[in-house]
Amino acid sequence: MAVITMIQAQKRAGRYNVYVDGHYAFPVSESVLIDFRLFKGMEIDKQLEEQLSDADDIAQAYNRALDYLSQQLRTEKEVRTKLAGLEIPPATIDATIERLQALNLVDDRHYAASYVRTMMRTGDKGPRVIAQHLRQKGVTEHPIEDALQLYTAEERLAVGTAVAQKLAKRYQRQAFHTQGQKIRQGLITRGFASDEATKLVASLDLTPDVDQQADLLAKQGEKLWHRYRTLGATERRYKTKQALYRKGFGLDDIDHWLTETAPNE
């Protein structure tokens, strides 16, 4: 039977070259060296050599995964994708993931809970968008559902109110009839439920600034009136009125502007 005749440290830290019967045979990591208790004079056969090779592949993949995980928390899918990109065989990736999970270094439930807490503190997203992001990262439904339990109604109210207030400032120069619609749609787009969005908009208690709205209507009306200047009088008024209505202005206000203040050309 073949015998290990020398174990020599490589220049690369944590790596060793194993010599069998006086000839270089294979490299191993320090963890494999320790786990298999390799020593000079130890007998070795082909089966053991294959086991050492497989173990070394896993050890190297494990170290690559640790480097990746040292930057931030990752999901199982993210780690698998990273290792696959390094051309590590699927069987080795499976064994590596199993080892990482045994040490709680990869835990999608923990990841989902941490992600939800972070988004509640620093983000502007509702539960639906958060769940979508977690699915994209490979987290399955049960961990997502459990993590979203942390996003209580009180937390959603606090985050949603802050988002609604920001949206209200963004759309304050819009026609009043569309402000609420745009704020509500913005909340839904960010992941809040339809009924929650409706309540959040109502809680803002929006009221129109009459002078501001009149000024806005006049400015928009003048632009449209000029745009349709090549049309006949009747069609010009119709097109202008239709466009202003789509922008959210009231029909009575539009008619008043067209009758009293529309430019005469």
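**Close-up views of a predicted model**

**View 1. Residues 107-148 are 79% helix and 0% strand.** The C-alpha atoms at the two ends of this stretch are 16 Å apart. The structure shown here and in the views below is a predicted model. In an unreviewed UniProt entry, residues 107-148 carry the annotation "domain: RecX second three-helical". Helix 6 (127-136) and helix 7 (141-148) are joined by a loop that holds lysine 137, a residue that returns in View 3.

**View 2. Arginine 80 and glutamate 76 form a salt bridge in helix 3.** The distance between the side chains is 2.9 Å, taken from N to O. Helix 3 spans residues 76-85, and the two partners are four residues apart along it, about one turn of the helix. Arginine 80 has a relative accessible area of 27% and is partly exposed. Glutamate 76 is also partly exposed, at 23% relative accessibility.

**View 3. Glutamate 78 and lysine 137 form a salt bridge between distant parts of the chain.** The N to O distance is 3.3 Å. Glutamate 78 lies in helix 3, whereas lysine 137 lies in the loop between helix 6 and helix 7, and 59 residues separate the two along the chain. Is glutamate 78 buried or exposed? Glutamate 78 has a relative accessible area of 15%, so it counts as buried, the limit for that class being under 20%. Lysine 137, at 23% relative accessibility, is partly exposed.

**View 4. Aspartate 255 and lysine 241 form a salt bridge between helix 13 and helix 12.** The closest N and O atoms of the pair are 2.9 Å apart. Aspartate 255 belongs to helix 13 (residues 251-261) and lysine 241 to helix 12 (residues 233-246). This pair, too, links distant parts of the chain, with the partners 14 residues apart. Aspartate 255 is partly exposed at 29% relative accessibility, and lysine 241 is partly exposed with a relative accessible area of 28%.

**View 5. Glu76, Arg80 and Asp94 belong to one salt-bridge network.** Which residues are joined by salt bridges that share partners? Glu76, Arg80 and Asp94 are joined in this way. Two of these residues, arginine 80 and glutamate 76, are the pair in View 2. How many salt bridges does a search of the whole structure find? The search finds 12, among them the bridge between glutamate 78 and lysine 137 and the bridge between aspartate 255 and lysine 241.

Note on methods:
Residues numbered from 1 in each chain as written. Predicted model: local features only at pLDDT ≥ 70, side-chain atom pairs only at ≥ 80, totals over all residues. Heavy atoms only, no water. UniProt positions renumbered as here; feature names shortened; annotations may be inferred. Salt bridge = Lys/Arg side-chain N within 4 Å of Asp/Glu carboxyl O. Buried < 20%, exposed > 50% of the residue type's maximum accessible area, 1.4 Å probe, protein only.
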